[in-house]
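Please open the model in a viewer and keep the selection panel at hand. The tour below proceeds from one helix to the next.

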Amino acid sequence: MRLEDYWGVGPKTREQLESSIGAEAAIEAIEGADVRTLVEAGLSRGRATRILRHATGAEGLDALATSDTRSVYKDVIELAVEHAVTAGAADRIRVLTPLASREAMIERLDAVLAVRDAWAGLGEGARASVLDAFETYDEAGESERAAVEAALALRDAGLESGPFERIADLDPDGLRAAADALAGLDDGEVREGVDDELDRRREALTAVDRLKANAIDAIEDLRATGARDTAEFREAFVEYVREDADVDPARIRAAAPDDATDVTDFVGEGLRKLAADLEADVEERAETVRADLESDVADARRDVDAAIRAVDDIAFYLSLGRFADAYDMTRPTFADGNGLAIDRARNLGLLAADEAVQPVTYALGEYDLELDPAPGNERVAVLTGANSGGKTTLLETVCQVVLLASMGLPVPAENAQVTVFDDVVFHRRHASFNAGVLESTLRTIVPPLAEEGRTLMLVDEFEAITEPGSAADLLHGLVRLTVDRDALGAFVTHLAEDLEPLPEAARVDGIFAEGLDADLELEVDYQPRFHALGKSTPEFIVSRLVAGAADRTERSGYETLAEAVGSEIVQRTLADARWSR
(Lines give C-alpha, C1' and ligand atoms only; values in the text may rest on other atoms or scores of the structure.)
Protein backbone atom coordinates (compact mmCIF):
# COMPACT_ATOMS: atom_id res chain seq x y z
CA MET A 1 0.00 0.00 0.00
CA ARG A 2 0.95 3.62 -0.47
CA LEU A 3 0.99 5.92 2.54
CA GLU A 4 -1.92 7.94 1.19
CA ASP A 5 -4.02 4.79 1.00
CA TYR A 6 -4.33 4.91 4.79
CA TRP A 7 -7.16 6.88 6.37
CA GLY A 8 -6.02 10.29 7.58
CA VAL A 9 -2.77 10.38 5.59
CA GLY A 10 -3.03 13.24 3.12
CA PRO A 11 -0.27 14.83 1.02
CA LYS A 12 1.12 16.94 3.89
CA THR A 13 1.18 14.04 6.35
CA ARG A 14 2.74 11.79 3.72
CA GLU A 15 5.49 14.33 3.02
CA GLN A 16 6.15 14.76 6.73
CA LEU A 17 6.45 11.01 7.32
CA GLU A 18 8.58 10.41 4.24
CA SER A 19 11.00 13.20 5.10
CA SER A 20 11.25 12.11 8.73
CA ILE A 21 11.42 8.30 8.70
CA GLY A 22 10.77 7.25 5.10
CA ALA A 23 7.70 5.69 3.51
CA GLU A 24 8.65 2.09 4.31
CA ALA A 25 9.20 2.78 8.02
CA ALA A 26 5.98 4.82 8.18
CA ILE A 27 3.95 2.00 6.63
CA GLU A 28 5.55 -0.49 9.03
CA ALA A 29 4.62 1.78 11.98
CA ILE A 30 1.02 2.09 10.79
CA GLU A 31 0.62 -1.64 10.19
CA GLY A 32 2.20 -2.35 13.57
CA ALA A 33 0.03 0.20 15.42
CA ASP A 34 3.23 1.94 16.56
CA VAL A 35 2.06 5.29 17.94
CA ARG A 36 5.47 6.23 19.33
CA THR A 37 7.25 6.06 15.97
CA LEU A 38 4.62 8.25 14.32
CA VAL A 39 4.78 10.78 17.16
CA GLU A 40 8.58 10.86 16.95
CA ALA A 41 8.14 11.48 13.23
CA GLY A 42 6.27 14.68 14.05
CA LEU A 43 2.57 13.73 14.18
CA SER A 44 0.48 14.75 17.15
CA ARG A 45 -0.44 11.85 19.42
CA GLY A 46 -4.13 12.37 18.71
CA ARG A 47 -3.64 12.28 14.95
CA ALA A 48 -1.38 9.26 15.12
CA THR A 49 -3.95 7.46 17.26
CA ARG A 50 -6.80 8.24 14.85
CA ILE A 51 -4.78 7.00 11.87
CA LEU A 52 -3.92 3.75 13.63
CA ARG A 53 -7.48 3.16 14.85
CA HIS A 54 -8.72 3.28 11.28
CA ALA A 55 -5.77 1.25 9.96
CA THR A 56 -6.14 -1.58 12.47
CA GLY A 57 -9.80 -1.45 13.46
CA ALA A 58 -11.83 0.29 10.76
CA GLU A 59 -14.52 -2.39 10.80
CA GLY A 60 -14.94 -2.03 14.53
CA LEU A 61 -15.08 1.77 14.34
CA ASP A 62 -18.06 1.47 11.99
CA ALA A 63 -20.08 0.17 14.94
CA LEU A 64 -19.72 3.57 16.65
CA ALA A 65 -22.62 4.96 14.71
CA THR A 66 -23.01 8.41 16.33
CA SER A 67 -20.84 11.11 17.84
CA ASP A 68 -22.32 10.37 21.27
CA THR A 69 -21.39 6.69 20.91
CA ARG A 70 -17.87 7.74 19.94
CA SER A 71 -17.76 10.07 22.94
CA VAL A 72 -18.60 7.20 25.31
CA TYR A 73 -15.95 5.07 23.57
CA LYS A 74 -13.29 7.75 24.01
CA ASP A 75 -14.20 8.31 27.65
CA VAL A 76 -13.89 4.60 28.39
CA ILE A 77 -10.55 4.41 26.59
CA GLU A 78 -9.16 7.34 28.57
CA LEU A 79 -10.28 5.78 31.85
CA ALA A 80 -8.35 2.65 30.86
CA VAL A 81 -5.31 4.75 29.90
CA GLU A 82 -5.17 6.10 33.46
CA HIS A 83 -4.09 2.62 34.58
CA ALA A 84 -1.36 2.18 31.95
CA VAL A 85 2.04 1.19 33.37
CA THR A 86 4.03 2.57 30.41
CA ALA A 87 3.57 5.19 27.72
CA GLY A 88 3.71 2.43 25.11
CA ALA A 89 0.89 0.54 26.83
CA ALA A 90 -1.16 3.74 26.95
CA ASP A 91 -0.66 4.16 23.20
CA ARG A 92 -1.78 0.59 22.54
CA ILE A 93 -4.89 1.13 24.65
CA ARG A 94 -5.77 4.32 22.74
CA VAL A 95 -5.71 2.32 19.50
CA LEU A 96 -8.20 -0.28 20.78
CA THR A 97 -11.46 -0.49 18.82
CA PRO A 98 -14.41 -2.89 18.84
CA LEU A 99 -13.26 -6.25 17.50
CA ALA A 100 -14.63 -7.89 14.39
CA SER A 101 -15.39 -11.35 15.80
CA ARG A 102 -16.68 -12.93 18.98
CA GLU A 103 -13.66 -15.24 18.99
CA ALA A 104 -11.29 -12.25 19.11
CA MET A 105 -13.33 -10.70 21.94
CA ILE A 106 -13.17 -13.90 24.00
CA GLU A 107 -9.44 -14.30 23.36
CA ARG A 108 -8.70 -10.78 24.62
CA LEU A 109 -11.05 -11.24 27.59
CA ASP A 110 -9.19 -14.41 28.58
CA ALA A 111 -5.86 -12.57 28.50
CA VAL A 112 -7.06 -9.47 30.35
CA LEU A 113 -8.84 -11.41 33.08
CA ALA A 114 -5.86 -13.71 33.60
CA VAL A 115 -3.67 -10.67 34.20
CA ARG A 116 -6.37 -9.04 36.34
CA ASP A 117 -6.56 -12.11 38.57
CA ALA A 118 -2.78 -12.36 38.81
CA TRP A 119 -2.50 -8.67 39.71
CA ALA A 120 -5.27 -8.93 42.30
CA GLY A 121 -3.44 -11.86 43.90
CA LEU A 122 -0.12 -10.04 44.32
CA GLY A 123 0.96 -8.64 47.65
CA GLU A 124 1.85 -4.98 48.04
CA GLY A 125 5.56 -5.71 47.79
CA ALA A 126 5.22 -7.64 44.55
CA ARG A 127 2.96 -4.98 43.07
CA ALA A 128 5.51 -2.31 43.92
CA SER A 129 8.26 -4.37 42.28
CA VAL A 130 6.22 -4.76 39.10
CA LEU A 131 5.38 -1.05 38.90
CA ASP A 132 8.98 -0.07 39.62
CA ALA A 133 10.19 -2.35 36.82
CA PHE A 134 7.81 -0.79 34.32
CA GLU A 135 8.50 2.75 35.54
CA THR A 136 12.21 2.21 34.93
CA TYR A 137 11.42 0.69 31.53
CA ASP A 138 9.22 3.66 30.67
CA GLU A 139 11.75 6.27 31.80
CA ALA A 140 14.42 4.58 29.68
CA GLY A 141 12.30 5.05 26.58
CA GLU A 142 11.43 1.35 26.34
CA SER A 143 14.93 0.55 25.07
CA GLU A 144 16.29 -2.97 24.53
CA ARG A 145 18.35 -2.76 27.70
CA ALA A 146 15.39 -1.49 29.73
CA ALA A 147 13.18 -4.30 28.40
CA VAL A 148 15.75 -6.93 29.39
CA GLU A 149 16.19 -5.37 32.84
CA ALA A 150 12.41 -5.21 33.29
CA ALA A 151 12.10 -8.90 32.40
CA LEU A 152 14.85 -9.75 34.90
CA ALA A 153 13.20 -7.61 37.58
CA LEU A 154 9.90 -9.44 37.08
CA ARG A 155 11.72 -12.79 37.36
CA ASP A 156 13.56 -11.65 40.47
CA ALA A 157 10.21 -10.69 42.01
CA GLY A 158 9.09 -14.29 41.49
CA LEU A 159 6.58 -13.42 38.76
CA GLU A 160 6.95 -16.32 36.37
CA SER A 161 3.47 -17.85 36.18
CA GLY A 162 0.16 -16.90 34.63
CA PRO A 163 0.49 -13.79 32.46
CA PHE A 164 4.20 -13.58 33.34
CA GLU A 165 5.02 -17.12 32.20
CA ARG A 166 6.48 -15.85 28.92
CA ILE A 167 9.55 -14.64 30.81
CA ALA A 168 9.91 -17.88 32.79
CA ASP A 169 11.50 -19.74 29.87
CA LEU A 170 14.10 -17.06 29.16
CA ASP A 171 17.73 -17.75 30.09
CA PRO A 172 18.43 -15.40 33.03
CA ASP A 173 22.23 -15.71 32.75
CA GLY A 174 22.17 -14.90 29.06
CA LEU A 175 19.82 -12.00 29.69
CA ARG A 176 22.06 -10.60 32.45
CA ALA A 177 25.10 -10.81 30.18
CA ALA A 178 23.11 -9.10 27.45
CA ALA A 179 21.90 -6.45 29.91
CA ASP A 180 25.47 -5.74 30.99
CA ALA A 181 26.56 -5.56 27.36
CA LEU A 182 23.68 -3.27 26.42
CA ALA A 183 24.49 -1.13 29.45
CA GLY A 184 27.99 -0.73 28.01
CA LEU A 185 26.71 0.60 24.69
CA ASP A 186 25.20 4.00 24.07
CA ASP A 187 23.75 4.24 20.59
CA GLY A 188 26.48 1.92 19.36
CA GLU A 189 29.28 3.68 21.25
CA VAL A 190 31.09 2.09 24.18
CA ARG A 191 30.26 3.89 27.43
CA GLU A 192 32.86 5.17 29.86
CA GLY A 193 33.71 2.72 32.64
CA VAL A 194 33.21 -0.44 30.58
CA ASP A 195 36.88 -1.07 29.72
CA ASP A 196 39.82 0.31 31.73
CA GLU A 197 42.24 0.34 28.80
CA LEU A 198 39.76 2.17 26.58
CA ASP A 199 39.13 4.71 29.34
CA ARG A 200 42.92 5.26 29.74
CA ARG A 201 43.34 5.85 26.01
CA ARG A 202 40.38 8.22 25.93
CA GLU A 203 41.78 10.21 28.87
CA ALA A 204 45.14 10.50 27.12
CA LEU A 205 43.47 11.68 23.91
CA THR A 206 41.40 14.21 25.84
CA ALA A 207 44.52 15.59 27.51
CA VAL A 208 46.40 15.92 24.21
CA ASP A 209 43.38 17.53 22.57
CA ARG A 210 43.33 20.03 25.42
CA LEU A 211 47.02 20.84 24.87
CA LYS A 212 46.41 21.17 21.15
CA ALA A 213 43.55 23.61 21.73
CA ASN A 214 45.86 25.69 23.95
CA ALA A 215 49.04 25.38 21.85
CA ILE A 216 50.03 29.02 22.38
CA ASP A 217 50.17 28.48 26.16
CA ALA A 218 52.19 25.29 25.62
CA ILE A 219 54.73 27.16 23.45
CA GLU A 220 55.16 29.85 26.11
CA ASP A 221 55.65 27.22 28.81
CA LEU A 222 58.23 25.38 26.69
CA ARG A 223 60.15 28.56 25.94
CA ALA A 224 60.29 29.23 29.64
CA THR A 225 62.21 25.96 30.18
CA GLY A 226 65.33 27.61 28.71
CA ALA A 227 66.03 24.87 26.16
CA ARG A 228 69.23 25.86 24.27
CA ASP A 229 68.93 23.77 21.11
CA THR A 230 66.57 21.59 19.12
CA ALA A 231 67.41 18.41 21.02
CA GLU A 232 66.75 20.02 24.41
CA PHE A 233 63.53 21.58 23.15
CA ARG A 234 62.41 18.21 21.82
CA GLU A 235 63.01 16.56 25.23
CA ALA A 236 61.29 19.44 26.99
CA PHE A 237 58.28 18.91 24.69
CA VAL A 238 58.23 15.19 25.46
CA GLU A 239 58.36 15.79 29.22
CA TYR A 240 55.73 18.56 29.03
CA VAL A 241 53.24 16.33 27.22
CA ARG A 242 54.02 13.29 29.43
CA GLU A 243 53.26 15.24 32.58
CA ASP A 244 49.84 16.28 31.27
CA ALA A 245 48.85 13.11 29.39
CA ASP A 246 49.44 9.44 30.20
CA VAL A 247 51.36 8.73 26.97
CA ASP A 248 54.55 6.71 26.46
CA PRO A 249 57.49 9.15 25.91
CA ALA A 250 58.67 7.11 22.94
CA ARG A 251 55.31 7.70 21.30
CA ILE A 252 55.56 11.42 21.91
CA ARG A 253 59.08 11.50 20.38
CA ALA A 254 57.79 9.59 17.34
CA ALA A 255 55.07 12.19 16.84
CA ALA A 256 57.45 15.17 17.10
CA PRO A 257 58.30 16.44 13.57
CA ASP A 258 61.89 16.42 12.25
CA ASP A 259 61.38 19.15 9.68
CA ALA A 260 59.58 21.88 11.65
CA THR A 261 60.50 25.39 10.53
CA ASP A 262 60.05 27.01 13.96
CA VAL A 263 58.83 26.41 17.50
CA THR A 264 55.19 27.07 16.65
CA ASP A 265 55.28 24.60 13.77
CA PHE A 266 57.07 22.01 15.93
CA VAL A 267 54.59 22.13 18.80
CA GLY A 268 51.46 22.39 16.63
CA GLU A 269 52.46 19.62 14.25
CA GLY A 270 53.64 17.38 17.08
CA LEU A 271 50.39 17.68 19.01
CA ARG A 272 48.27 17.14 15.87
CA LYS A 273 50.21 14.00 14.95
CA LEU A 274 50.05 12.64 18.49
CA ALA A 275 46.28 13.32 18.74
CA ALA A 276 45.67 11.53 15.43
CA ASP A 277 47.69 8.51 16.60
CA LEU A 278 45.85 8.38 19.91
CA GLU A 279 42.46 8.75 18.20
CA ALA A 280 43.27 5.72 16.03
CA ASP A 281 44.25 3.81 19.17
CA VAL A 282 40.98 4.74 20.87
CA GLU A 283 38.92 3.63 17.88
CA GLU A 284 40.85 0.36 17.59
CA ARG A 285 40.25 -0.47 21.25
CA ALA A 286 36.64 0.72 21.11
CA GLU A 287 36.00 -1.53 18.13
CA THR A 288 37.39 -4.53 19.99
CA VAL A 289 35.30 -3.82 23.09
CA ARG A 290 32.23 -3.00 20.99
CA ALA A 291 32.55 -6.29 19.13
CA ASP A 292 32.77 -8.21 22.41
CA LEU A 293 29.68 -6.47 23.80
CA GLU A 294 27.70 -6.96 20.62
CA SER A 295 28.72 -10.61 20.64
CA ASP A 296 27.27 -10.99 24.14
CA VAL A 297 24.03 -9.41 22.93
CA ALA A 298 24.02 -11.55 19.78
CA ASP A 299 24.49 -14.71 21.86
CA ALA A 300 21.31 -13.83 23.75
CA ARG A 301 19.51 -12.19 20.82
CA ARG A 302 16.67 -14.70 20.76
CA ASP A 303 15.95 -14.19 24.46
CA VAL A 304 16.45 -10.41 24.17
CA ASP A 305 13.86 -10.17 21.40
CA ALA A 306 11.52 -12.45 23.33
CA ALA A 307 11.97 -10.30 26.45
CA ILE A 308 11.11 -7.14 24.50
CA ARG A 309 7.93 -8.66 23.10
CA ALA A 310 6.96 -10.17 26.44
CA VAL A 311 7.51 -6.98 28.43
CA ASP A 312 5.54 -4.90 25.93
CA ASP A 313 2.64 -7.36 25.93
CA ILE A 314 2.66 -7.77 29.70
CA ALA A 315 2.63 -3.97 30.09
CA PHE A 316 -0.38 -3.73 27.77
CA TYR A 317 -2.41 -6.50 29.38
CA LEU A 318 -1.35 -5.53 32.89
CA SER A 319 -2.64 -2.00 32.22
CA LEU A 320 -6.00 -3.39 31.12
CA GLY A 321 -6.02 -5.83 34.04
CA ARG A 322 -5.39 -2.98 36.50
CA PHE A 323 -8.27 -1.07 34.87
CA ALA A 324 -10.57 -4.07 35.32
CA ASP A 325 -9.42 -4.56 38.90
CA ALA A 326 -9.85 -0.88 39.81
CA TYR A 327 -13.53 -0.91 38.82
CA ASP A 328 -14.31 -4.48 39.90
CA MET A 329 -15.18 -5.45 36.34
CA THR A 330 -16.31 -8.91 35.27
CA ARG A 331 -16.45 -11.13 32.20
CA PRO A 332 -19.46 -10.60 29.93
CA THR A 333 -20.93 -13.43 27.92
CA PHE A 334 -22.12 -13.14 24.36
CA ALA A 335 -25.73 -13.85 23.43
CA ASP A 336 -26.51 -16.18 20.57
CA GLY A 337 -29.83 -14.45 20.09
CA ASN A 338 -30.73 -10.79 19.85
CA GLY A 339 -30.58 -9.35 23.34
CA LEU A 340 -28.64 -7.80 26.15
CA ALA A 341 -28.87 -8.06 29.91
CA ILE A 342 -26.83 -6.29 32.57
CA ASP A 343 -27.02 -7.28 36.22
CA ARG A 344 -26.19 -4.62 38.81
CA ALA A 345 -24.20 -2.45 36.43
CA ARG A 346 -22.36 0.69 37.52
CA ASN A 347 -21.52 3.78 35.47
CA LEU A 348 -17.77 4.17 35.04
CA GLY A 349 -17.92 7.96 34.88
CA LEU A 350 -19.65 8.15 38.26
CA LEU A 351 -17.23 5.63 39.76
CA ALA A 352 -14.25 7.58 38.46
CA ALA A 353 -15.66 10.75 40.03
CA ASP A 354 -16.04 8.94 43.38
CA GLU A 355 -19.79 9.56 43.36
CA ALA A 356 -22.25 7.28 45.09
CA VAL A 357 -23.50 4.73 42.59
CA GLN A 358 -26.65 2.63 42.81
CA PRO A 359 -26.16 -0.47 40.62
CA VAL A 360 -28.94 -1.02 38.10
CA THR A 361 -30.27 -4.07 36.31
CA TYR A 362 -31.65 -3.79 32.80
CA ALA A 363 -32.40 -6.00 29.81
CA LEU A 364 -33.75 -5.92 26.27
CA GLY A 365 -34.65 -8.79 23.98
CA GLU A 366 -33.54 -12.39 24.48
CA TYR A 367 -31.31 -13.34 27.41
CA ASP A 368 -30.87 -16.21 29.82
CA LEU A 369 -29.37 -14.52 32.86
CA GLU A 370 -31.27 -14.70 36.13
CA LEU A 371 -32.14 -11.08 36.88
CA ASP A 372 -33.81 -9.55 39.90
CA PRO A 373 -35.84 -7.56 39.07
CA ALA A 374 -36.45 -9.19 35.72
CA PRO A 375 -38.23 -7.62 32.74
CA GLY A 376 -39.77 -9.57 29.91
CA ASN A 377 -38.15 -10.15 26.57
CA GLU A 378 -39.39 -7.00 24.86
CA ARG A 379 -36.80 -5.76 22.41
CA VAL A 380 -37.72 -2.08 22.86
CA ALA A 381 -38.30 -0.05 26.02
CA VAL A 382 -39.65 3.44 26.54
CA LEU A 383 -37.91 4.74 29.65
CA THR A 384 -39.81 7.32 31.67
CA GLY A 385 -39.58 8.95 35.06
CA ALA A 386 -38.23 11.56 37.38
CA ASN A 387 -36.27 14.61 36.37
CA SER A 388 -32.59 14.05 37.26
CA GLY A 389 -33.57 10.42 37.77
CA GLY A 390 -30.60 8.85 36.01
CA LYS A 391 -32.33 7.90 32.75
CA THR A 392 -29.52 9.30 30.60
CA THR A 393 -26.94 7.71 32.90
CA LEU A 394 -28.67 4.35 32.43
CA LEU A 395 -28.41 4.65 28.64
CA GLU A 396 -24.76 5.64 28.96
CA THR A 397 -24.09 2.69 31.27
CA VAL A 398 -25.65 0.27 28.79
CA CYS A 399 -23.53 1.84 26.05
CA GLN A 400 -20.37 1.45 28.16
CA VAL A 401 -21.08 -2.22 28.83
CA VAL A 402 -21.77 -2.98 25.17
CA LEU A 403 -18.67 -1.14 23.91
CA LEU A 404 -16.34 -2.67 26.50
CA ALA A 405 -17.59 -6.15 25.67
CA SER A 406 -17.14 -5.48 21.95
CA MET A 407 -13.49 -4.56 22.62
CA GLY A 408 -12.95 -7.80 24.51
CA LEU A 409 -12.76 -6.07 27.88
CA PRO A 410 -14.49 -6.80 31.21
CA VAL A 411 -17.55 -4.74 32.12
CA PRO A 412 -18.65 -2.84 35.27
CA ALA A 413 -21.45 -5.19 36.26
CA GLU A 414 -21.91 -8.30 38.39
CA ASN A 415 -22.94 -10.12 35.24
CA ALA A 416 -23.72 -9.20 31.66
CA GLN A 417 -24.81 -10.84 28.46
CA VAL A 418 -24.64 -8.91 25.20
CA THR A 419 -25.22 -9.31 21.52
CA VAL A 420 -22.38 -8.37 19.18
CA PHE A 421 -23.90 -5.32 17.49
CA ASP A 422 -23.06 -4.02 14.05
CA ASP A 423 -24.22 -0.51 15.01
CA VAL A 424 -24.49 1.15 18.41
CA VAL A 425 -26.61 4.32 18.17
CA PHE A 426 -26.39 6.50 21.26
CA HIS A 427 -28.05 9.91 21.06
CA ARG A 428 -27.91 12.24 24.05
CA ARG A 429 -30.42 15.00 24.69
CA HIS A 430 -29.61 18.07 22.60
CA ALA A 431 -32.01 20.90 23.41
CA SER A 432 -32.47 22.92 20.23
CA PHE A 433 -35.64 23.65 18.31
CA ASN A 434 -33.86 23.87 15.04
CA ALA A 435 -34.85 22.26 11.76
CA GLY A 436 -31.20 21.64 10.96
CA VAL A 437 -30.67 19.78 14.23
CA LEU A 438 -33.76 17.63 13.66
CA GLU A 439 -32.70 16.75 10.13
CA SER A 440 -29.09 15.99 11.09
CA THR A 441 -30.27 13.85 14.02
CA LEU A 442 -32.59 11.81 11.83
CA ARG A 443 -29.85 11.41 9.24
CA THR A 444 -27.63 10.01 11.98
CA ILE A 445 -29.91 7.66 13.88
CA VAL A 446 -32.21 6.28 11.16
CA PRO A 447 -29.76 4.85 8.55
CA PRO A 448 -28.31 2.19 10.91
CA LEU A 449 -31.85 0.80 11.27
CA ALA A 450 -32.17 0.54 7.52
CA GLU A 451 -28.95 -1.46 7.11
CA GLU A 452 -28.41 -5.18 7.46
CA GLY A 453 -27.09 -6.30 10.83
CA ARG A 454 -27.92 -5.92 14.48
CA THR A 455 -28.49 -2.44 15.84
CA LEU A 456 -28.80 -1.06 19.35
CA MET A 457 -30.73 2.22 19.70
CA LEU A 458 -30.19 4.34 22.84
CA VAL A 459 -32.04 7.63 22.33
CA ASP A 460 -32.39 10.27 25.04
CA GLU A 461 -35.30 12.76 25.01
CA PHE A 462 -35.75 12.99 21.28
CA GLU A 463 -38.53 15.51 21.94
CA ALA A 464 -35.94 18.14 22.93
CA ILE A 465 -35.22 18.92 19.27
CA THR A 466 -38.76 19.63 18.04
CA GLU A 467 -42.18 20.60 19.34
CA PRO A 468 -43.98 18.01 21.54
CA GLY A 469 -46.71 17.05 19.05
CA SER A 470 -44.32 16.33 16.20
CA ALA A 471 -41.83 14.79 18.60
CA ALA A 472 -44.38 12.24 19.81
CA ASP A 473 -45.25 11.28 16.23
CA LEU A 474 -41.60 10.96 15.20
CA LEU A 475 -40.64 9.08 18.35
CA HIS A 476 -43.50 6.65 17.87
CA GLY A 477 -42.21 6.11 14.35
CA LEU A 478 -38.70 5.44 15.64
CA VAL A 479 -40.01 2.91 18.16
CA ARG A 480 -42.05 1.18 15.47
CA LEU A 481 -39.10 1.21 13.04
CA THR A 482 -36.83 -0.28 15.72
CA VAL A 483 -39.34 -3.07 16.30
CA ASP A 484 -39.87 -3.67 12.57
CA ARG A 485 -36.13 -3.90 11.94
CA ASP A 486 -35.69 -6.45 14.72
CA ALA A 487 -33.34 -4.05 16.55
CA LEU A 488 -33.00 -3.42 20.28
CA GLY A 489 -33.72 -0.01 21.71
CA ALA A 490 -34.29 2.12 24.79
CA PHE A 491 -35.90 5.52 24.30
CA VAL A 492 -35.96 8.07 27.13
CA THR A 493 -38.96 10.37 26.96
CA HIS A 494 -41.51 12.37 28.93
CA LEU A 495 -44.09 11.68 26.19
CA ALA A 496 -44.76 8.01 26.87
CA GLU A 497 -48.52 8.46 27.19
CA ASP A 498 -48.57 10.09 23.75
CA LEU A 499 -46.92 7.02 22.22
CA GLU A 500 -49.76 4.65 22.97
CA PRO A 501 -50.45 2.14 21.62
CA LEU A 502 -46.90 0.77 21.52
CA PRO A 503 -46.01 -2.24 19.38
CA GLU A 504 -46.28 -5.60 21.13
CA ALA A 505 -42.48 -5.95 21.28
CA ALA A 506 -42.16 -2.71 23.27
CA ARG A 507 -42.72 -1.88 26.94
CA VAL A 508 -42.70 1.14 29.23
CA ASP A 509 -40.26 1.33 32.15
CA GLY A 510 -40.20 3.94 34.89
CA ILE A 511 -37.70 5.48 37.29
CA PHE A 512 -39.30 6.91 40.41
CA ALA A 513 -38.35 9.71 42.78
CA GLU A 514 -39.39 9.20 46.40
CA GLY A 515 -39.04 12.76 47.72
CA LEU A 516 -36.34 14.93 49.27
CA ASP A 517 -33.85 13.83 51.90
CA ALA A 518 -32.78 15.85 54.95
CA ASP A 519 -30.36 17.82 52.77
CA LEU A 520 -33.16 18.56 50.28
CA GLU A 521 -31.50 16.33 47.71
CA LEU A 522 -33.78 14.34 45.42
CA GLU A 523 -34.22 10.76 46.61
CA VAL A 524 -34.41 8.53 43.55
CA ASP A 525 -34.59 4.79 43.12
CA TYR A 526 -32.39 4.54 40.03
CA GLN A 527 -33.44 0.95 39.37
CA PRO A 528 -36.14 1.12 36.68
CA ARG A 529 -39.46 -0.55 37.41
CA PHE A 530 -40.38 -2.61 34.40
CA HIS A 531 -43.79 -2.21 32.77
CA ALA A 532 -44.45 0.89 34.89
CA LEU A 533 -44.98 4.46 33.72
CA GLY A 534 -42.65 6.78 35.60
CA LYS A 535 -43.63 10.36 36.24
CA SER A 536 -41.57 13.50 36.13
CA THR A 537 -41.53 15.12 39.55
CA PRO A 538 -41.51 18.91 39.21
CA GLU A 539 -43.10 19.24 42.67
CA PHE A 540 -39.91 17.89 44.29
CA ILE A 541 -37.76 20.34 42.36
CA VAL A 542 -40.02 23.25 43.20
CA SER A 543 -40.06 22.17 46.86
CA ARG A 544 -36.29 22.36 46.97
CA LEU A 545 -36.32 25.80 45.34
CA VAL A 546 -38.85 27.08 47.85
CA ALA A 547 -36.80 25.79 50.77
CA GLY A 548 -33.56 27.21 49.42
CA ALA A 549 -34.83 30.66 48.38
CA ALA A 550 -32.39 33.44 49.26
CA ASP A 551 -35.01 35.99 50.32
CA ARG A 552 -38.74 36.60 50.56
CA THR A 553 -39.04 37.98 47.03
CA GLU A 554 -37.38 34.94 45.51
CA ARG A 555 -39.42 32.62 47.74
CA SER A 556 -42.61 34.32 46.62
CA GLY A 557 -41.79 33.54 43.01
CA TYR A 558 -41.14 29.89 43.77
CA GLU A 559 -44.35 29.68 45.83
CA THR A 560 -46.29 30.79 42.75
CA LEU A 561 -44.79 27.80 40.94
CA ALA A 562 -45.72 25.65 43.92
CA GLU A 563 -49.36 26.63 43.46
CA ALA A 564 -49.07 25.57 39.83
CA VAL A 565 -47.79 22.08 40.64
CA GLY A 566 -49.82 21.70 43.85
CA SER A 567 -49.15 23.58 47.07
CA GLU A 568 -50.25 20.67 49.24
CA ILE A 569 -47.74 18.23 47.80
CA VAL A 570 -44.97 20.83 48.04
CA GLN A 571 -45.75 21.46 51.69
CA ARG A 572 -45.96 17.74 52.39
CA THR A 573 -42.60 17.18 50.68
CA LEU A 574 -40.96 19.89 52.76
CA ALA A 575 -42.56 18.56 55.95
CA ASP A 576 -41.27 15.06 55.21
CA ALA A 577 -37.79 16.45 54.59
CA ARG A 578 -37.84 18.38 57.88
CA TRP A 579 -39.12 15.31 59.73
CA SER A 580 -36.31 13.17 58.36
CA ARG A 581 -33.86 15.88 59.37
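Two helices count as oblique when the angle between them falls outside the ranges for roughly parallel (under 35 degrees), roughly antiparallel (over 145) and roughly perpendicular (65 to 115). The model on display is a predicted one.

**First stop: H13 and H15**

Select residues 230–244, helix H13, together with residues 263–299, helix H15; their axes come within 12 Å and cross at roughly 40°. H13 and H15 are therefore oblique to each other. Their crossing is right-handed. To view the contact, display the side chains of Phe233, Arg234, Phe237 and Val241 on H13, and those of Val263, Phe266, Val267, Gly270, Leu271 and Leu274 on H15. By class, this contact of H13 with H15 comprises eight nonpolar residues, one polar and one charged.

**Second stop: H11**

Next, select residues 196–213, which form helix H11. At 1.5 Å a residue, the 18 residues of H11 should span 26 Å, and the end C-alpha atoms are indeed 26 Å apart. Which residues of H11 are buried? They are Leu198, Asp199, Arg201, Ala204, Leu205, Ala207, Val208 and Leu211. An α-helix has 3.6 residues a turn, so residues three or four places apart point the same way. To see what the buried residues of H11 pack against, add strand S2 (189–190) and helix H12 (215–223), and keep H13 and H15 in view.

**Third stop: H9**

Move to residues 144–156, helix H9. Its 13 residues reach 18 Å from the first C-alpha to the last, close to the 18 Å expected at 1.5 Å a residue. Colour Ala146, Ala147, Val148, Ala150, Ala151, Leu152, Leu154 and Arg155, the buried residues of H9. Their cover includes helix H8 (124–139), helix H10 (172–183) and helix H16 (301–326). Following H9 is Gly158, which has a positive phi, near 85°.

**Last stop: H8 and H16**

Finally, retain H8 and H16, which pack at an angle of about 130° with their axes 12 Å apart. H8 and H16 are therefore oblique to each other. H8 passes H16 in a left-handed crossing. On the H8 side, the contact is made by Arg127, Val130, Leu131, Phe134 and Tyr137; on the H16 side, select Val311, Asp312, Ile314, Ala315, Leu318, Arg322 and Asp325. The residues of this contact of H8 with H16 divide into eight nonpolar, no polar and four charged.

Notes: Residues are numbered from 1 along each chain as its sequence is written. This is a predicted model: local features need pLDDT of at least 70, side-chain atom pairs count only at pLDDT 80 or more; totals for chains, interfaces and linings use all residues. Side-chain values use heavy atoms; hydrogens and water are left out. Axes are lines fitted to C-alpha atoms, for helices over the stretch in contact, and angles run from 0 to 180 degrees between N-to-C directions. Helices (H or I, at least four residues) and strands (E, at least two) are DSSP runs, numbered from the N terminus. A crossing is left-handed if the near helix is turned anticlockwise from the far one by less than a right angle, and right-handed if clockwise. Contact means heavy atoms within 4.5 Å. Ala, Val, Leu, Ile, Met, Phe, Trp, Tyr, Cys and Pro count as nonpolar, Asp, Glu, Lys and Arg as charged, and the others, Gly among them, as polar. The expected span of a helix is 1.5 Å times one less than its number of residues. Buried means under 20% relative accessible area, exposed over 50%, partly exposed in between (1.4 Å probe, protein chains only).
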